[in-house]
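Biologist: I should like to learn how a structural model is read, feature by feature. May we begin with the whole and then turn to its parts?

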Amino acid sequence: MRLRTLTFAAASSAALLAAGVLPAQASAGAAARTAPASAREGSVSAADLLAKVKTCSQISNGKYRTDDETSATVPVCGKNGAVFWKADMDIDCDGQRTANCNENRDPWYQDDTAFHQSDGKPLKAESLPYVVVPSSSGIWNYASAGIKGGGVVAVVYGDKVEYAVVGDTGPQKIIGEASYATAKALGIDPDPKTGGADSGVTYILFKNSKVSPIESHSAAVSLGDQLARQFIANN
């Protein structure tokens with residue numbers, strides 16, 4: 001659960017896909033896998049995804065700030081099968097304590113996340129790519145839009161695509177935050193104090209999707225790639 005702000009420079013396979021769910025047995029042993037440093041995950045390019053989100057059909061009742069001091073300029077937009085926004089990236093280091101995510105490295109550190117692993121423990125920001133969604137408010141209610149904990153997110157930055165899960169919630173009026181692992185995989189400085197990206201990050205959240213277990217990154221990549229191809233075909 002993020003309470004701070006910063007200012008800085010995805011039965012049968014077909015049935016499972018339709019439901020947006022990938023079973024845990026589909027990716028045995030994946031839970032311990034750390035975030036890859038590849039330039040692109042899956043088969044869908046950043047350019048192909050970005051081509052589908054050039055225009056915004058706003059679904060939020062208002063707009064979000066990217067930081068506490070900025071103006072509210074970021075809407076949540078709707079597409080077939082997904083919602084998206086374009087913002088900055090602040091670094092979320094919350095959850096289990098690790099070498100790079102702890103109270104000594106992150107002055108805003110909290111030892112919990114809104115959504116938990118299959119064993120009940122908080123998520124691990126240093127190794128699991130996850131995205132933070134704004135807590136539900138009059139601006140927008142993520143749950144009403146078909147977004148849930150463990151849902152799949154395609155995070156696009158430059159020519160890179162990283163698949164993540166919805167892993168935490170943040171302030172009601174601020175948007176644009178992801179875990180240490182997400183930033184690192186995209187080539188963004190993941191330091192919780194000084195890192196992040198000022199702009200240029202696109203978050204595409206696939207509706208009614210859920211990775212199980214939430215901590216399996218390879219399951220997120222597998223389901224995310226399928227949902228991204230559906231997204232391209234349907235928009």
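Biologist: How much surface does the protein expose, and what share of it do carbon and sulfur atoms supply?

Modeller: The model before us is predicted. In it, the protein exposes about 9,500 Å², and 48% of that area is supplied by carbon and sulfur atoms. Of the 235 residues, 55% are buried.

Biologist: What is the mean pLDDT of the protein?

Modeller: The pLDDT expresses the predictor's confidence in each residue, from 0 to 100. Here the mean is 88, and 83% of the residues reach 70 or more. Over residues 1-19, however, the pLDDT is below 50, although this stretch has 67 contacts in the model beyond near neighbours in sequence. Residues 22-38 also have a pLDDT below 50, with 31 such contacts. Where pLDDT is low, predicted coordinates should not be read in detail.

Biologist: How many helices and strands does the protein have?

Modeller: There are four helices and nine strands. Read from the N terminus, their order is α-β-α-β-β-β-β-β-β-α-β-β-α.

Biologist: With which strands does β4 pair, and in which sense?

Modeller: One reads the bridges between strands and their sense. Strand β4, residues 130-134, pairs with β6 (residues 160-170) in the parallel sense over five bridges. Val131 of β4 stands opposite Val166 in β6. With β7 (residues 177-179), β4 pairs in the antiparallel sense over two bridges, and there Val132 has Glu177 as its bridge partner.

Biologist: Are the faces of β4 covered or uncovered?

Modeller: Both are covered: Tyr130, Val132 and Pro134 are buried on one side, and Val131 and Val133 on the other.

Biologist: How far does helix α4 reach, and what span is expected?

Modeller: The expected span follows from 1.5 Å a residue. Helix α4, residues 217-234, has 18 residues and reaches 25 Å from its first C-alpha to its last, close to the expected 26 Å. Its buried residues include His217, Leu223, Leu227 and Phe231.

Biologist: Which cysteines form disulfides?

Modeller: One looks for sulfur atoms within 2.5 Å of each other. By this rule there are two disulfides. In one, Cys56 and Cys77 have their sulfur atoms 2.0 Å apart. Cys56 lies in the loop between α2 and β2, and Cys77 in strand β2, so the pair ties together parts that are 21 residues apart in sequence. Cys56 is partly exposed, at 39% relative accessible area, whereas Cys77 is buried, at 3%.

Biologist: What is the other pair?

Modeller: Cys93 and Cys101 form a disulfide, with their sulfur atoms 2.0 Å apart. Both cysteines are buried, and their link is left-handed, with -70° about the S-S bond.

Terms used: Residues are numbered from 1 along each chain as its sequence is written. This is a predicted model: local features need pLDDT of at least 70, side-chain atom pairs count only at pLDDT 80 or more; totals for chains, interfaces and linings use all residues. Side-chain values use heavy atoms; hydrogens and water are left out. The expected span of a helix is 1.5 Å times one less than its number of residues. Buried means under 20% relative accessible area, exposed over 50%, partly exposed in between (1.4 Å probe, protein chains only). Two strands pair if DSSP finds at least two bridges between them. Contact means heavy atoms within 4.5 Å. Accessible areas come from the Shrake-Rupley method with a 1.4 Å probe; for residues, only the protein chains shown count as cover.
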